[in-house]
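Work through the exercises below with the sequence and the model side by side. Try each task before reading its solution.

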Amino acid sequence: MNQFHLLEHTADIGIEATADSREGLAKQNGLGLKILLFGDLQAKPIHTENVSAEGNTVEETLVNWLNELLFLMADKLFIPAEIAINHYSNNGISAAASGEHFDPDRHQFLREIKAVTHHQTRVGHEGGHWKSVVYLDL
């Protein structure tokens, strides 16, 4: 007899961030992504990479930018020491990430992250602070 069953599996992790500004919120999410990939690894600001993205909403813009940052870190093997957000509006984020390239003799990946998802992403301004929740597919 041929059959199959769909199985539920939770393979996500989230970042909840708070900051005084939208720009600070993007930075905190970027630092959270770095921690998830590399842990509390200290990188040297040897080289600078520009990271930007656009979207139709503030949430979509953040997710698209985090996916660009993920590409820089996981595929181009770049470890940010500092992330400077130049601009964050409903429709665009531009930033400069200063850091160094991954060295397998000194660095290690903690986990693989496939993508930052749009599922349940929230960005809002509450009580004088910007807050966000994003989920990543492991």
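**Exercise 1. A ring cluster**

Is Phe38 buried or exposed? Then trace its ring partners.

Solution. This is a predicted model.

Step 1. Take the accessibility of Phe38. Its relative value is 5%. Buried means under 20%, so Phe38 counts as buried.

Step 2. Pair the rings. The structure holds three aromatic pairs. One of them joins Phe38 and Phe102, with 6.2 Å centre to centre and 35° between the planes. That pair is tilted.

Step 3. Place the two residues. Phe38 belongs to helix H1 (residues 22-38). Phe102 sits in the loop between strand S4 (92-101) and strand S5 (115-126). The two are 64 residues apart, and the pair links distant parts of the chain. Phe102 is buried at a relative accessible area of 18%.

Step 4. Turn to Phe109. Its ring centre lies 5.0 Å from that of Phe38, and the planes meet at 35°, so this pair is tilted. Phe109 is in the loop between S4 and S5 and Phe38 in H1, so the pair ties together parts 71 residues apart in sequence. At 33% relative accessibility, Phe109 is partly exposed.

Step 5. Combine the pairs. Phe38, Phe102 and Phe109 are linked into a cluster by ring pairs.

**Exercise 2. A charge over a ring**

Which ring does the charged end of Arg22 sit over?

Solution. Step 1. Locate the charged end of Arg22. The ring beneath is that of Tyr88.

Step 2. Read the distance. The charged end is 5.8 Å from the ring centre. The cut-off for the distance is 6 Å.

**Exercise 3. Salt bridges**

How many salt bridges does the structure hold? Describe a selection with their accessibilities.

Solution. Step 1. Count. The structure holds four salt bridges.

Step 2. Start with Glu82 and Lys27. Their closest N and O atoms are 2.7 Å apart. Glu82 lies in strand S3 (residues 78-89) and Lys27 in helix H1, 55 residues apart. This pair, too, links distant parts of the chain. Glu82 is partly exposed at 37% relative accessibility. Lys27 is partly exposed at 25%.

Step 3. Go on to Glu100 and Arg106. Here the closest N and O atoms are 2.3 Å apart. Glu100 is buried, at 4% relative accessibility. Arg106 is partly exposed, at 46%.

Step 4. Add Lys131 and Glu126. Their side chains meet in a salt bridge at 4.0 Å, N to O. Lys131 has a relative accessible area of 34% and is partly exposed. Glu126 is partly exposed at 45%.

Step 5. Look for shared partners. Glu100, Asp103 and Arg106 are joined into one network by salt bridges that share partners.

**Exercise 4. The open sheet**

What is the strand order of the open sheet of three strands? Work out which strands stand at its edges.

Solution. Step 1. Read the order. It is S1-S6-S5, and the pairing is antiparallel.

Step 2. Find the edges. Strand S1 (12-19) and S5 each have a single partner strand, so one side of each lacks a neighbour in the sheet. On average, neighbouring strands of this sheet are turned by 10° against each other, direction ignored.

Step 3. Check the pairing of S1. S1 and strand S6 (residues 129-137) are antiparallel, over eight bridges. Opposite Thr18 stands Lys131 in S6.

Step 4. Check the pairing of S5. S5 and S6 run antiparallel and are joined by eight bridges. Val116 has Leu136 in S6 as its bridge partner.

Step 5. Inspect the turn. The hairpin of S5 and S6 has two residues between the strands. Gly127 takes a positive phi there, near 55°.

**Exercise 5. Helices on the sheet**

Which strands does H1 lie across? Which strands does helix H2 touch?

Solution. Step 1. Place H1. H1 lies across S1, S5 and S6. H1 runs at about 145° to S1.

Step 2. Place H2. Helix H2 (residues 58-75) packs on the sheet and touches S5 and S6. The direction of H2 makes about 130° with that of S5.

Step 3. Return to the side chains. H1 also holds Phe38 of the ring pair with Phe102, and Lys27 of the salt bridge with Glu82.

Conventions
Residues numbered from 1 in each chain as written. Predicted model: local features only at pLDDT ≥ 70, side-chain atom pairs only at ≥ 80, totals over all residues. Heavy atoms only, no water. Phe/Tyr/Trp six-rings, centres within 6.5 Å; stacked < 30°, edge-to-face > 60°. Helix = DSSP H or I, 4+ residues; strand = E, 2+ residues; numbered from the N terminus. Buried < 20%, exposed > 50% of the residue type's maximum accessible area, 1.4 Å probe, protein only. Lys NZ or Arg CZ within 6 Å of the ring centre and 35° of its normal. Pairing = 2+ DSSP bridges. Axes fitted to C-alpha atoms, helices over the stretch in contact; angles between N-to-C directions. Contact = heavy atoms within 4.5 Å.
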